[in-house]
Amino acid sequence: MCGIVGYIGKRNAYPILIKGLHRLEYRGYDSAGVALINAQGQLNIYKAKGKVAELEAYASDKDTTGTIGIAHTRWATHGEPNTVNAHPHYSESERLAIIHNGIIENYAVLKAGLQKEGYSFKSETDTEVLIQLIEYTQVNKHVDLRTAVQLALQQVIGAYAIAVLDKDHPDTLIAARKGSPLVVGVGQEEYFIASDATPIVEYTDKVIYIEDEEVVKLSTKGQSTKGQSTKGQSTKGQSTKDEGIEITTINNVQKTPEIKRLELSLSQLEKGGYPHFMLKEIFEQPRTLADSMRGRVNVRQDNIALSGFIDNKERFMNAKRIIITACGTSWHAGLIAMYAIEEFAQIPVEVEYSSEFRYRKPVINRDDVVIAISQSGETADTLAAIQLAKEKGAFIFSICNVIGASIPRLSNSGCYTHVGPEIGVASTKAFTAQVVALTMLALCIGKEKGTMSEEQYLHVVRALGQIPDKIECVLSQNKRIADFAKTFTYAQNFIYLGRGYNYPVALEGALKLKEISYIHAEGYPAAEMKHGPIALISQEMPVVVVAPRCGTYEKVVSNIQEIKARNGRVIAIVTEGDKMVSKIADYVIEVPETEECLTPLLTVIPLQLLAYHIAVVKGCDVDQPRNLAKSVTVE
């Protein structure tokens with residue numbers, strides 16, 4: 001969940017690395033550091049606790065020259081966030097430097113062995129153990145740096161994306177990955193590495209996605225750009241002849257790298273006039289959902305075509321069970337999908353936390369379909385869960401946003417959400433796009449199986465096509481939500497209630513408030529309130545009730561009356577024109593009417609805005625909340 005970036009070429013590396021760290025800061029912001037080799041062959045490392053700005057301030061009067069360097073922004077795993085534990089880490093001789101995203105599970109055993117050989121350690125990190133192991137291997141085996149990295153990684157248990165420098169070889173950068181993402185950018189006589197493509201897009205649109213247990217050697221010595229394409233030219237599936245790039249496995253098997261075209265624009269990585277990325281991404285949802293449906297919902301809005309379903313129709317038709325596995329917000333999207341798939345397709349659905357699924361010895365059959373949901377496509381627990389399911393013969397279908405990520409590459413089929421990069425740590429547009437993708441899949445299965453009528457199918461498809469415009473209507477209430485959000489900054493706790501399709505929305509609303517405002521919040525099925533949570537109701541406990549006019553509406557109204565009878569304060573999300581709830585709730589936010597299965601796409605928007613505005617008034621760091629990182633690539 002850390003961010004790594006590296007550069008080797010002819011430019012001054014430091015500005016590229018710092019800009020790259022800012023773009024990757026959503027992946028971790030406990031500390032940051034940079035390593036550079038200058039023209040005199042000195043390896044300089046500068047580190048600072050806190051955000052990248054603290055590193056910039058610290059390095060402002062230092063020697064930041066050099067055309068090769070690596071940099072890191074950290075989300076702490078081993079060792080508290082401080083300058084000593086920050087990356088990069090030196091080897092004992094200070095000849096080598098490393099940055100690392102991931103966890104070395106057997107670091108304690110490796111460390112003990114190295115200490116017996118006389119090595120000492122300055123930090124508490126597993127990463128310092130790895131660079132000491134690499135140096136020990138290089139010295140004792142009399143091998144070059146790449147071979148030392150290969151041999152060292154053969155002894156490692158865990159996940160890693162690493163980059164290593166050797167001050168004695170300032171024309172070479174070594175990187176490798178297993179279980180943590182790594183992409184290489186290919187420029188003109190220059191190369192970039194990063195955890196994802198966001199630091200690279202400004203300089204090149206040619207990328208190579210490094211696979212598990214691959215080691216890449218990037219060199220500016222004696223390279224040739226023969227056969228290298230220029231920016232803007234199609235490069236899909238093109239093998240590179242660039243002599244500056246060599247890829248092998250950790251067992252030294254040669255690999256032929258493929259350059260792919262990066263589909264990402266610089267404008268997508270900027271705030272566009274909004275004060276925070278989160279608010280920008282909330283307001284992008286009408287467009288991003290339209291993008292998610294484009295080419296899938298036809299122009300007449302009477303049919304849906306998902307290639308991932310069409311190409312694997314029989315697997316879905318023959319499925320005895322569907323297992324959805326995900327974490328966090330994606331798990332909430334999976335719960336909504338459970339309601340839709342069971343209603344439309346009449347297939348039993350189980351929704352599993354990936355972190356629990358992989359360890360509880362689940363019963364998985366060959367006629368099961370496993371749907372994995374992950375915005376980044378790199379979520380460690382979800383990745384491990386589908387590896388387990390695939391080994392048992394299940395069919396894997398993924399819902400992801402990041403093209404080329406590990407989860408879609410490991411899956412048998414899938415569906416990209418196409419919402420563009422989501423920089424805010426608290427997921428917003430990714431969640432609604434996941435719900436749209438899963439709803440489209442449920443409709444495809446239901447239509448093909450004949451378990452839903454043509455009339456019902458058409459109603460839902462047409463209503464789905466109207467969702468972007470209806471979200472615009474909800475967003476028009478932003479100012480009013482911001483105004484009354486100020487009232488609730490006093491609160492220490494919130495309760496969120498919903499039923500049916502909107503119970504997962506209550507969970508998601510509570511999660512958003514917790515993530516960015518640090519107010520404790522819990523989501524419950526509304527009918528469960530009487531089984532315990534009602535004891536908490538008081539004037540100091542705001543209750544958010546998701547109550548669109550559908551399904552169990554009357555029963556939810558009764559729940560609201562029970563809250564008001566105990567002096568609770570109620571914020572209600574209701575359908576336009578609602579009469580009953582509007583009379584008893586303290587605050588009401590209206591959403592347009594739609595099909596019940598689609599109400600989560602509308603009711604979640606006010607909850608995103610409410611959490612955002614409460615956090616802003618409290619002075620919280622909305623885009624980078626404490627202790628959280630965007631992509632959870634470690635357990």
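Visitor: With which residue does Arg300 form a salt bridge?

Guide: A salt bridge is a side-chain nitrogen of Lys or Arg within 4 Å of a carboxyl oxygen of Asp or Glu. Arg300 forms one with Asp302, and the closest N and O atoms are 3.1 Å apart. The structure is a predicted model, in which local features need pLDDT of at least 70 and side-chain atom pairs count only at pLDDT 80 or more, while totals for chains, interfaces and linings use all residues. Residues are numbered from 1 along each chain as its sequence is written, and side-chain values use heavy atoms, with hydrogens and water left out.

Visitor: Is Arg300 buried or exposed?

Guide: Buried means under 20% relative accessible area, exposed means over 50%, and partly exposed lies in between (1.4 Å probe, protein chains only). Arg300 counts as exposed, at 60% relative accessibility.

Visitor: How many salt bridges does a search of the whole structure find?

Guide: The search finds 32. One of them joins Lys10 to Glu189, with the closest N and O atoms 2.7 Å apart. This pair links distant parts of the chain, 179 residues apart: Lys10 is in the loop between β1 (3-8) and α1 (13-24), and Glu189 is in the loop between β9 (183-186) and β10 (191-194). Such helices (H or I, at least four residues) and strands (E, at least two) are DSSP runs, numbered from the N terminus. Lys10 is exposed, at 65% relative accessible area, whereas Glu189 is partly exposed, at 32%.

Visitor: Which residues are linked in a network of salt bridges?

Guide: The network links Lys280, Glu284, Arg287, Asp291, Arg294 and Lys429.

Visitor: How should one read a sheet, and what is the order of the strands in the open sheet of five strands?

Guide: Strands of a sheet pair through backbone hydrogen bonds, either parallel or antiparallel. Two strands are taken to pair if DSSP finds at least two bridges between them. Here the order is β23-β22-β24-β25-β26, with parallel pairing. β23 (520-525) and β26 (587-591) stand at the edges with a single partner strand each, so one side of each has no neighbour in the sheet.

Visitor: Over how many bridges do β22 and β24 pair?

Guide: Strand β22 (residues 493-498) and strand β24 (residues 542-547) pair in the parallel sense over three bridges. Tyr496 stands opposite Val544 in β24.

Visitor: Which strands does helix α18 lie across?

Guide: Contact means heavy atoms within 4.5 Å. Axes are lines fitted to C-alpha atoms, for helices over the stretch in contact, and angles run from 0 to 180 degrees between N-to-C directions. Helix α18 (residues 553-564) lies across β22, β24 and β25 (569-575), and runs at about 165° to β24.
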